[in-house]
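Hi,

Here is the structure I promised to pass on. Have a look at it first, and then read my notes below.

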Amino acid sequence: EEEFKQKIVESLEMQLNNYSVKQFIADLENYYLENYPFDLPDAFLKKWIKLQKEKDKKQDQLENEPIDDVYENSKNIYRWQIIKDKIKLNLDIKVTEEEVKQFAVDSTTMQFIQYGFGEEYLKGELFDRMVDHKLKDETQYMQIFHVIGDNKLVNLAKEKLTLNTKKVTVDEFKKLSKTEKVDIEETIVEQ
């Protein structure tokens, strides 16, 4: 039982750390988007969006929204992805198949603990099926792949940049992340 409680504490620490990492990434994104503007191939991307809309009719929000609006709302996402990919390429940041598998196991473990499943479920058939599904579902696999790459990028940025670290409560963090524009800064949430 003590080991199970420890896993819950570890899960909460991991979750709070993930919030901190997400804020740091958002701060990096804002910095790069503001300081390194570049043009995108607008006509090409609009055509690509149109093809995606036709290909995947399940996306209702794209169905009803004009292509120009979808593109305007997505431009910074495309620009940020290009910037991240360029940085990862320049810094030789790679993600391995083994890292993706381990992340799938770790994130499934965290989900099971969050929903109150005991340790006996962490080795069962349901657990294995969920991990397998994450690895076989292309969307989930790519999300995991990008999270790992982003985490590596963040860790490298933390090593290379001079950071002003603040310790804040969860409530202060929520307020900070919603209302303030933070310079490239790591915010650590105290427990």
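**Rings and pockets**

There are seven aromatic pairs in this structure; rings of Phe, Tyr and Trp (its six-membered ring) pair if their centres lie within 6.5 Å, and planes under 30 degrees apart count as stacked, over 60 as edge-to-face and the rest as tilted. One of them is edge-to-face: phenylalanine 112 with phenylalanine 127, at 5.3 Å centre to centre and 80 degrees between the planes. This pair links distant parts of the chain, since phenylalanine 112 sits in helix α5 and phenylalanine 127 in helix α6 (residues 125–136), 15 residues apart. (Helices are DSSP runs of H or I with at least four residues, strands are runs of E with at least two, and both are numbered from the N terminus.)

Are these two rings buried or exposed? Phenylalanine 112 counts as buried because its relative accessibility is 2%, and phenylalanine 127 is buried too, at 6%. Buried means under 20% relative accessible area, exposed over 50%, and partly exposed in between (1.4 Å probe, protein chains only).

Before you go further: this is a predicted model, where local features need pLDDT of at least 70 and side-chain atom pairs count only at pLDDT 80 or more, while totals for chains, interfaces and linings use all residues. Residues are numbered from 1 along each chain as its sequence is written, and side-chain values use heavy atoms, with hydrogens and water left out.

Back to the rings: Tyr31, Tyr32, Tyr36 and Trp80 are joined into a cluster by ring pairs. Two charges also sit over rings (NZ of Lys or CZ of Arg within 6 Å of the ring centre and within 35 degrees of the ring normal). Arginine 79 lies over the face of phenylalanine 38, 5.1 Å from the ring centre, and lysine 158 does so for phenylalanine 24, at 5.9 Å.

Now the pockets. A pocket is an open set of points on a 1 Å grid where a 1.4 Å probe fits, with protein on both sides within 12 Å along at least five of seven lines; lining residues have an atom within 4 Å of a point. The largest pocket has a volume (the space filled by probe spheres set on the points) of about 840 Å³. Its lining has 24 residues, with Asn18, Lys22, Phe103, Val147 and Asn151 nearest the centre. Helix α7 gives the largest share of that lining, 10 residues.

The second largest pocket holds about 370 Å³ of space. Trp80 turns up again here, among the lining residues.

Cheers
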